[in-house]
Amino acid sequence: MARVFSGIQPSGELHIGNWLGAIRNWVALQDQYECLYCIVDQHAVTGQYDPASLALRTREMAIGLLAAGVDPNGSLLFVQSHVPAHATLAWLLTTIAPLGELERMTQYKDKSQRFESVPAGLLCYPVLMAADILLYRAEKVPVGDDQTQHLELTRELARRWNRHFAGGDAFFPEPEPILSPARRIIGLDGQAKMSKSLGNTIAVTETPEQIWDKLRPAMTDPARKTRKDPGTPEICNIYALHRHFSPEATVTEVAVKCRTAGWGCIDCKRVLADNMIQALAPLRQRSLDLAMRPAEVTTILADGAATARRLASETMAEVTTRMGFLPEAS
Ligand code: AQP
């Protein structure tokens with residue numbers, strides 16, 4: 001079975017962008033691949049974050065992923081910092097990572113603007129991501145559109161390392177992306193990518209009231225200033241969300257009612273809210289159930305990390321040998 005690796009940052013709550021763009025794919029792939037899923041807490045500290053809530057967010061992310069259908073009986077679920085080899089391999093890969101390419105990464109350019117003094121960790125984020133994937137010599141990586149550039153760099157680092165240290169052998173496979181149909185979910189502001197750090201999200205575990213409170217003021221087609229103004233569904237993010245949460249017939253009806261001003265935006269949002277609440281209800285219930293069984297979550301993460309450390313040590317033994325490090329005396 002080919003191996004799949006993917007990660008998610010515990011930088012906030014699991015949101016519908018993560019779910020539609022990546023996590024639903026994670027769940028579906030479990031039948032066909034050997035899957036390793038990682039909560040990448042070391043990535044989360046490259047942004048502004050609160051140390052007092054990191055551990056809690058990491059546990060909540062684990063609960064969210066399990067509730068979404070990650071199955072610890074077939075897949076590995078673990079926390080990145082519990083496997084120290086991620087950071088070790090990342091350091092080794094920085095020695096062959098081209099600085100110019102790191103500086104050209106779109107996510108780096110966007111996120112670095114949020115800092116007065118840009119931390120080097122933000123620049124090296126894609127190298128750590130490459131290490132995450134290559135450490136397990138994964139062949140497939142389910143991601144949203146925003147991560148394809150980073151994955152391209154991972155492929156480049158695999159090629160470079162193979163050239164420098166493996167005599168051109170494909171020790172590290174060049175991992176391929178698996179993109180979901182929902183490659184880029186836009187946030188409730190109707191403009192930026194839905195992103196934990198931008199606060200434009202709906203978490204998968206929100207209550208029906210919270211979902212409605214967030215959808216009600218969400219951005220729609222600005223041309224619809226009054227109830228009677230017709231709109232253009234293709235430029236409205238609410239319509240885009242209908243396409244992920246509503247049945248085909250409703251999506252068609254939404255488009256017609258928008259173009260003819262048959263519905264106001266609030267009517268359209270109400271229908272979306274009902275469908276979204278229905279789709280997310282099982283996740284919310286499973287999250288609540290799992291939160292009542294903290295020891296089970298602790299065990300799942302501990303077992304996952306133990307297996308991941310074993311797999312990682314196999315790769316690192318080869319990597320350190322091929323890079324010429326003196327082995328530790330046994
Ligand atoms: N808006 C999105 N649409 C589609 N896919 C998305 N993903 C994230 N946002 C969207 C995918 O979710 C997976 C996990 O993402 P991540 O948390 O590791 O990193 P991210 O892309 O940076 O997610 P956020 O929510 O935007 O977090 P912050 O704000 O902390 O940076 C990835 O596969 C990603 O493609």
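This briefing describes the surroundings of a ligand and the second largest pocket in the structure above. The model is predicted. In this model the ligand is surrounded by 23 residues, whereas the second largest pocket is lined by 16 residues and holds about 330 Å³ of space.

**Polar contacts to the ligand**
- The side chain of Lys111 places an N or O atom 2.4 Å from an oxygen atom of the ligand, and Lys111 is also listed among the closest residues, together with Asp146, Ser195, Lys196 and Ser197.
- A polar side-chain atom of His15 lies 2.7 Å from a ligand oxygen atom, while Gln9 contributes a backbone N or O atom at 3.2 Å from an oxygen atom of the ligand.
- The ligand taken alone would expose 640 Å², of which the protein buries 98%.

**Make-up of the ligand shell**
- The elements that supply two or more residues to the shell are β1 (3-8) and α1 (16-29), and α1 provides the largest share, with four residues.
- By class, the shell comprises 11 polar, six charged and six nonpolar residues.

**The second largest pocket**
- The lining residues closest to the centre of this pocket are Glu60, Ile63, Gly64, Thr205 and Ser287.
- Two or more lining residues come from each of α3 (51-68) and α12 (265-291), with α3 giving the most, seven residues.
- The lining of this pocket divides into seven nonpolar, five charged and four polar residues.
- Domain 1 (3-185 + 294-322) and domain 2 (205-289) each give at least three residues to the lining of this pocket.

Key:
Residues numbered from 1 in each chain as written. Predicted model: local features only at pLDDT ≥ 70, side-chain atom pairs only at ≥ 80, totals over all residues. Heavy atoms only, no water. Near = heavy atom within 4 Å. Polar contact = N/O pair within 3.5 Å; in protein donor to acceptor, adjacent residues only side chain to side chain. Areas by Shrake-Rupley, 256 points an atom, 1.4 Å probe, with all protein chains shown as cover. Nonpolar A, V, L, I, M, F, W, Y, C, P; charged D, E, K, R; others polar. 1 Å grid on protein atoms, 1.4 Å probe; cavity = no way out; pocket = protein on both sides within 12 Å on 5 of 7 lines; lining within 4 Å. Points joined across faces, edges and corners; volume = space filled by probe spheres on them. Domains from an automatic or database assignment.
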